[in-house]
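Reader: I'm at the bench with this model open on my screen, and I'd love a close look at one loop in it. Could you walk me through that part and then show me how the rest fits around it?

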2 protein chains.
Amino acid sequence: MRRPQRETVDGLPGRVTIYEVGPRDGLQNEKAVVPVEVKAEFVRRLLAAGLSTVETTSFVPATWVPQLADAEELLGLLGDAGRGRTRPVLVPNERGLDRALALGAEAVAIFGSATETFARKNLNRTVAESVTMFAPVVERARAEGAWVRAYVSMCFGDPWEGEVPIAQVVDVAQRLMDLGCDQLSLGDTIGVGTTGHVQRLLDALDAKGIGADRIGVHFHDTYGQALANTIAALRHGVTVVDASTGGLGGCPYAKSATGNLATEDLVWALDGLGIETGVDLEALVSTSTWMAGQLGRPSPSRVVKALAGSD
Amino acid sequence: MRRPQRETVDGLPGRVTIYEVGPRDGLQNEKAVVPVEVKAEFVRRLLAAGLSTVETTSFVPATWVPQLADAEELLGLLGDAGRGRTRPVLVPNERGLDRALALGAEAVAIFGSATETFARKNLNRTVAESVTMFAPVVERARAEGAWVRAYVSMCFGDPWEGEVPIAQVVDVAQRLMDLGCDQLSLGDTIGVGTTGHVQRLLDALDAKGIGADRIGVHFHDTYGQALANTIAALRHGVTVVDASTGGLGGCPYAKSATGNLATEDLVWALDGLGIETGVDLEALVSTSTWMAGQLGRPSPSRVVKALAGSD
């Protein structure tokens, strides 16, 4: 199988943690509900391919996201595979946290919004009310020894509000991190951000004491900018990058079918730069090809298209 | 129509020249021969959208590339539209140069290879023999006052040879520039390059006296790396970027359908950075949508997919 020529340069991290979101963010946006046995096999294959963090499911009410109604069953099927911090789960509220903790979850993620409109549509709350709702979730999770990630969505643009001021994103991020979260994930939910915007947001967060060591980036490829934006974040010192194997998922509010940055395209870029990820690209492409077969449609990942079926 | 939020940063050029290759590189790789009237309309629309350089056709023998056998007719139809340096044409050899000069061409491009295998397959010559063949082409073009660009293909990898040493690319580039060419276009013909590789190749060329002011970059999106690689080149000071409206074209030797960097995805990135290009994104998306209709298939550009038909 073809591999990129390794050409290292200064000014980039030596190692990057890929935060794989395919099983949760990817499958949650599929129209069809994927059988729980297929989900378990997907997670097992991702772990076997060397991914050190796989966000596995969400403890959201089944009426909200029927695609992930099998969260308990999935964790049961997985058993000890990746148990612990390797396998974070999303918890929308205290009820979701209860369910996750009852199953021994050791890493959880909450999902906030940088804009009022999306907070209202996604959480049925104002931004301030959502922070109030998350406070006891974070407090209890930490009291139980769990690691906590805070997503902030719509950081680079909002489908209803248009431009999103950087100061507004920094304000929401600060309020969530002040609750005691361990990691912040900056989401370009509709994929409109560009490289300068990434740099300026990271600079603004840094100025308020939220450094690159506590930040992950989550880019969508709707406008083809995801990988360029990721490299811009690495140049700033970020070492946690969200990606979805095969490019699964996306945002239902962005018109294009293209969604998350494909993990394979990211691994190609990082392998070329000599940045360690622990991921075996060949095993990942094989996993994507298998999953595309399960879903009955080709992967949007460019690397998968180029490499699938090659020697 | 949605636009990126403008967030400028230091260390990038204030203006970039997009070298549009859709009519030549794009249409040459289409299976079907596009009617010459459609080609003329395509070029006119690209010029109207604000592109300052549109490589229009190739004076290659019709037996080699039947898709571009109408070069004389096309230039006749275009008349004064974009006449001059705005409208370069490819000339494979002296015979092609004769034909182009007879029609008043003021800018021509030659097409070399960084690898022996591709030189043999594409030009039926060794690299050294191809430089010998190009010498009188460049000399005569310059004597006639024409501007000359030298493409070097397979700069970042070769489908038969695999890795391509940077020193080998620099050597071929030097030999072509020593002939008296005005601009060098570095081609990642199979799309395998990554950002560090770009930086190291540009550094190596700089060390040999070929600075960013004489370099254009030509990336393919086969592995999803084209835009990230382009931004890496801009950081080095490069201000000429090849792209193809709608992402038309590609390399017949790369398995994937994805080819040239889409001009729209590039314009989105540059608009967000506040870098001037003179290009009207809305007119460009409209042109791509029209051309996709002519070709009977959707554009692979992510921006076109996201924006086509939107307000």
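Author: Happy to! Let's go to the loop of chain A that runs between strand β5 (147-153) and helix α7 (166-178), where A:Met154 sits. Please keep in mind that this is a predicted model.

What is the phi of A:Met154 like? The angle is near 60°, so to speak a positive value, and the residue is something other than glycine. Is A:Met154 buried or exposed? With a relative accessible area of 0%, A:Met154 is buried, because the cut-off for that class is under 20%.

A second loop in chain A makes a good companion to this one. A:Val21 lies between strand β1 (17-20) and helix α1 (22-28). Like the methionine, A:Val21 is a loop residue, and A:Val21 is buried too, at a relative accessible area of 0%. What does A:Val21 touch, once residues up to four places away in sequence are set aside? Its partners are A:Gly26, A:Glu55, A:Tyr151, A:His218, A:Asp242, A:Ala243, A:Ser244 and A:Asn260. One of these partners, A:Tyr151, has a number that falls within β5 (147-153), the strand that leads into the loop of A:Met154. By contrast, A:Gly296 is 275 residues from A:Val21 in sequence, and their C-alpha atoms are 20 Å apart in space.

For a loop with another setting, hop over to chain B. B:Asn124 is located between helices α5 (116-123) and α6 (127-143) of that chain. Its phi is positive as well, at about 55°, although the residue is not a glycine. Here the surroundings differ from those of the methionine: B:Asn124 counts as exposed, with 57% relative accessibility, while A:Met154 is buried.

While you are in chain B, have a look at B:Phe219, which belongs to strand β7 (residues 215-219). At 2% relative accessibility, this phenylalanine counts as buried. Beyond its neighbours within four places in sequence, B:Phe219 is in contact with B:Phe156, B:Asp188, B:Val198, B:Ala226, B:Asn229, B:Thr230, B:Asn260 and B:Leu261. The last of these, B:Leu261, is 42 residues away along the chain, yet the two C-alpha atoms are separated by 6.1 Å.

Helices of chain A offer some outer landmarks. A:Glu139 has its place in helix α6 (residues 127-143), and at 58% relative accessibility this glutamate counts as exposed. From A:Glu139 to A:Leu295 you would cross 38 Å, C-alpha to C-alpha, with their positions 156 residues apart in sequence. Over in helix α11 (residues 281-295) you will find A:Ala283. This alanine is partly exposed, because its relative accessible area of 24% falls between the 20% and 50% cut-offs. A:Ala283 and A:His220 are 63 residues apart along the chain, and their C-alpha atoms are separated by 23 Å.

Now zoom out to the whole of chain A. The chain has twelve helices and eight strands. How does its radius of gyration agree with that of a compact globule? For 311 residues such a globule would be near 19 Å, and chain A has 18 Å, which agrees. Along the principal axes, its C-alpha atoms fill a box of roughly 55 × 45 × 35 Å. Of the 311 residues, 62% count as buried, and A:Met154 and A:Val21 are both buried residues of this chain. Among contacts with a separation of 6 or more, 76% join residues 24 or more positions apart. On the outside, chain A exposes about 10,800 Å², with 47% supplied by carbon and sulfur atoms. As for charge, there are 29 positive and 38 negative side chains, and the centres of the two sets lie 2 Å apart.

Finally, how do the two chains relate? A rotation of 180° with 0.0 Å of shift along its axis superposes chain B on chain A, with an RMSD of 0.0 Å. The two copies are therefore related as by a two-fold rotation axis. In chain B, B:Ala228 has the C-alpha nearest that axis, 2.0 Å from it. The same surface serves both copies, as 100% of the contact residues of chain B recur in chain A.

Terms used:
Residues numbered from 1 in each chain as written. Chains lettered and ligands numbered in written order. Predicted model: local features only at pLDDT ≥ 70, side-chain atom pairs only at ≥ 80, totals over all residues. Heavy atoms only, no water. Helix = DSSP H or I, 4+ residues; strand = E, 2+ residues; numbered from the N terminus. Rg over C-alpha atoms; globule rule 2.2 N^0.38 Å. Buried < 20%, exposed > 50% of the residue type's maximum accessible area, 1.4 Å probe, protein only. Contact = heavy atoms within 4.5 Å. Areas by Shrake-Rupley, 256 points an atom, 1.4 Å probe, with all protein chains shown as cover. Lys, Arg positive; Asp, Glu negative; His and termini not counted. Charge placed at Lys NZ, Arg CZ, Asp CG, Glu CD. Least-squares fit on C-alpha atoms with pLDDT ≥ 70 in both.
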